[in-house]
Amino acid sequence: MTFDLEMLRQHYAQWTQRCDDVRQSCNRPLTLTEKILLTHLWSDSNASPAQLRRGVDYVDFAPDRVAMQDATAQMALLQFMQAGRPSVAVPSTVHCDHLIQAKAGAATDLREAVDKNKEVFDFLSSVSDKYGIGFWKPGAGIIHQVILENYAFPGGLMIGTDSHTPNAGGLGMIAIGVGGADACDVMAGLAWELKMPRIIGVHLRGKLSGWASAKDVILKVAGILTVKGGTDAILEYFGDGAQSLSATGKSTICNMGAEIGATTSIFGYDHRMAEYLRGTGRKDVATMTDAIASHLTGDPEVYANPTAYFDQVIEINLDELEPHINGPFTPDLAWPLSQFAQAVREHGWPAQLDVGLIGSCTNSSYEDISRSASIAAQAASKKLKAQSEFTITPGSEMVRYTVERDGLLKHFDAIGGVVLANACGPCIGQWARHSDDPQRKNSIITSFNRNFAKRNDGNPNTHAFVASPEIVTALAIAGDLTFNPMTDSLINTEGFEVTLDEPQGLAFPPKGFEVADSGYQAPAIDGASVKVHVHPDSDRLQLLDPFAAWEGTDLTGMPLLIKAQGKCTTDHISMAGPWLKYRGHLDNISNNMLIGAVNAYTGQTNSVRNQLTGAYGAVPEVQRAYKAAGLGSVVVGDENYGEGSSREHAAMEPRHLGVRVILVRSFARIHETNLKKQGMLALTFANKADYDLIQENDRMDVLGLNEFRPGQALRMRLTHEDGSAKELQLNHSYNEAQIAWFRAGGALNIIRAQAAGHS
Ligand code: MIC
Ligand code: SF4
């Protein structure tokens with residue numbers, strides 16, 4: 001799909017030499033991560049590869065591509081429209097996948113989504129047309145699978161406005177999730193900045209067998225590193241076990257690396273990647289990569305002595321890896337299958353399984369579907385039916401068309417499975433789930449990435465667990481969370497006891513992939529005359545007004561808006577599901593700001609004390625009252641604040657409603673950058689215990705802003721209701737450029753001013 005082979009030829013022609021230059025400058029063997037990052041340094045940057053400090057220095061890079069999905073592209077492109085460029089500076093694509101609601105099945109759901117979201121899809125299609133962006137229509141598939149099939153290439157650097165962009169690491173590409181403002185910069189021809197990541201080596205030895213699959217590798221890694229263990233790090237997988245995994249299996253692992261906060265994950269080039277490139281119609285790319293294969297992976301000395309080159313090394317033996325089930329409510333609560341049934345009983349989680357869901361961007365390949373279909377087929381022949389509701393989401397139209405042609409979908413149908421549109425659907429709360437009683441505690445199991453409370457169906461009583469598609473299929477057939485397909489039997493419709501054999505599958509369709517209409521729309525050759533319409537009365541789309549610049553003084557007298565307790569993900573800050581429809585309308589979507597965060601003083605959600613009246617009200621409402629009174633405010637949060645999605649709405653909403661400071665124990669990477677980009681103050685407690693000092697009716701001053709400098713702490717004066725005061729030290733990670741964003745009121749104001757200067 002208009003993949004620029006010539007660009008790739010040039011890229012590879014210089015690749016070996018560039019790697020040699022970097023190796024010489026560093027004077028040591030290189031990891032793959034270093035090869036890719038350091039050969040993509042921005043041309044004007046005078047960073048010396050040898051001196052870059054991992055986990056410390058911000059570095060400017062030049063990505064090869066930008067990918068955007070419909071829910072985040074709206075804001076990214078609304079910002080890009082202000083950058084004053086006639087077209088995008090690097091190849092870019094938009095993918096319509098998040099706005100399709102799952103309800104009755106693929107065909108009706110897609111028709112309904114196209115109808116309901118017409119205004120937004122028309123907007124995205126016309127902006128893409130105008131600015132030279134490839135457009136993948138609704139139904140074409142989920143962004144990450146479509147990128148893997150068409151655009152990912154070994155040794156490339158890509159950014160994408162979705163946290164699961166790292167999926168392309170399965171084809172040896174460094175692919176990083178970012179907010180829309182970062183994408184806007186790169187499309188506008190500017191450098192892209194990233195803190196030089198630490199590098200964690202994951203040594204995989206052995207080979208998967210039986211019920212274990214690639215998903216279990218990342219479920220186990222999530223258990224080891226937890227949801228914040230990968231922050232500011234890239235995971236580089238290597239070893240014979242890595243090479244034994246199919247390219248889509250590798251992608252599954254990289255994809256879900258987002259759940260440990262990793263900047264991204266990557267595998268070195270090998271024959272399984274070549275196989276995937278050839279199998280998806282990219283023989284030319286495979287021939288080019290084969291020619292420089294040894295340079296598209298880490299140096300052998302690194303893998304022979306990993307502790308000398310990686311910041312941390314994790315060892316996993318695939319021969320011994322058990323299937324895992326993670327959850328509920330967090331993706332890092334990892335249970336080996338053999339211990340899961342007991343955990344269910346001990347914790348009193350509902351053992352009855354209501355729904356099993358397979359697919360999503362993580363697990364929607366031909367291999368995943370064929371392995372799951374093999375279980376469904378056996379079940380049918382052994383006279384079993386799925387006891388739970390069971391849904392299947394193919395990752396792309398190419399996968400769907402091919403699995404249907406090969407007769408795999410009928411196996412799901414035979415046991416009661418329902419095929420949904422090639423889209424995110426239930427994974428992002430786009431799920432019209434029919435439940436008999438929403439008050440009832442219930443369990444679902446998915447092969448998706450995330451299982452935060454309320455994510456899939458908006459119901460806090462739903463216990464969501466994450467497992468491989470094979471395990472999900474087996475458990476949906478059993479209708480019971482405590483079923484272990486490796487050891488337990490089931491009673492079939494004729495009353496006989498039967499067991500399930502191990503899944504069997506193929507990485508590639510024996511007759512090759514096929515698709516009738518991939519759903520791609522190329523942009524206009526000259527977009528100058530293309531008109532982009534945003535109706536002034538629209539409740540879905542709103543042009544952006546610039547945020548105000550910093551007033552030049554310390555910020556004083558700010559009330560506390562909310563002190564959030566415990567997990568506060570981007571889903572808690574800016575919920576998806578029903579709110580996805582306002583992703584292009586900042587004022588409307590701001591009405592969901594922090595409505596999922598737990599108030600540390602009351603344990604309730606969406607209820608905070610309005611310091612002006614003393615009454616409790618909804619968070620957005622109270623904040624709007626502060627804004628009307630001309631008062632900035634402060635949000636206080638716990639560890640890993642902003643975990644999860646790349647959605648910059650979680651940063652833009654507080655900015656729009658007048659919150660000035662987000663003060664937390666620690667941040668997730670993408671969210672921290674998003675806050676900085678929008679001109680917010682993203683600060684951390686120098687002393688984490690100071691979180692406990694913040695009282696409900698405090699007023700707060702942030703002091704030292706006139707001397708705001710990299711590496712120099714700021715101060716906060718807390719004034720309690722009784723008039724007593726305390727001073728705290730606040731840390732930050734702003735560099736000079738980011739401080740300039742704060743002063744200008746947001747990075748976009750700087751680009752806007754530059755664009756105006758050029759015109
Ligand atoms: C997700 O999986 O949480 C999403 C929905 O894909 C998000 C993007 C979004 O919020 O639009 C992500 O992962 O970045
Ligand atoms: Fe879509 Fe879910 Fe993947 Fe996010 S994790 S891109 S919502 S399928």
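Two strands count as paired if DSSP finds at least two bridges between them. Keep that in mind for the first stop. The model is predicted.

**Stop 1: the sheet.** Select strand 5, residues 157-161, together with strand 6. The two run parallel and share four bridges. For one rung of that ladder, pick Gly-160: its bridge partner in strand 6 is Gly-177.

Now widen the selection to the whole sheet. It is open, has six strands in the order 6-5-2-3-4-21, and mixes its pairing. Strand 6 (174-177) and strand 21 (520-521) are the edges. Each has a single partner strand, so one side of each lacks a neighbour in the sheet.

Add helix 5, residues 118-131, which packs on the sheet. Helix 5 touches strand 3 (92-95), strand 4 (134-136) and strand 21. The direction of helix 5 makes about 155° with that of strand 4.

**Stop 2: helix 16.** Select residues 397-405. Which residues of helix 16 are buried? They are Glu-397, Met-398, Val-399, Arg-400, Thr-402 and Val-403. Show the cover next: it includes helix 6 (143-150), helix 15 (366-381) and helix 17 (409-414). Then step just past the end of helix 16 to Gly-407, where phi is positive, about 75°.

**Stop 3: ligand 1.** Display its surroundings, 14 residues. The closest are Asp-162, Ser-163, Arg-450, Arg-583 and Arg-647. Check three distances to ligand oxygen atoms:

- Arg-583, side-chain N or O atom: 2.7 Å.
- His-98, polar side-chain atom: 2.8 Å.
- Ser-646, backbone N or O atom: 2.8 Å.

Finish with the ligand's surface. Alone, ligand 1 exposes 330 Å², and the protein buries 97% of that.

Definitions and conventions: Residues are numbered from 1 along each chain as its sequence is written. Chains are lettered from A and ligands numbered from 1 in the order in which they are written. This is a predicted model: local features need pLDDT of at least 70, side-chain atom pairs count only at pLDDT 80 or more; totals for chains, interfaces and linings use all residues. Side-chain values use heavy atoms; hydrogens and water are left out. Contact means heavy atoms within 4.5 Å. Axes are lines fitted to C-alpha atoms, for helices over the stretch in contact, and angles run from 0 to 180 degrees between N-to-C directions. Buried means under 20% relative accessible area, exposed over 50%, partly exposed in between (1.4 Å probe, protein chains only). A residue is near a molecule or strand if one of its heavy atoms lies within 4 Å of it. A polar contact is a pair of N or O atoms within 3.5 Å; within protein, one must be able to donate a hydrogen and the other to accept it, and residues adjacent in sequence count only if both atoms are side-chain atoms. Accessible areas come from the Shrake-Rupley method with a 1.4 Å probe; for residues, only the protein chains shown count as cover.
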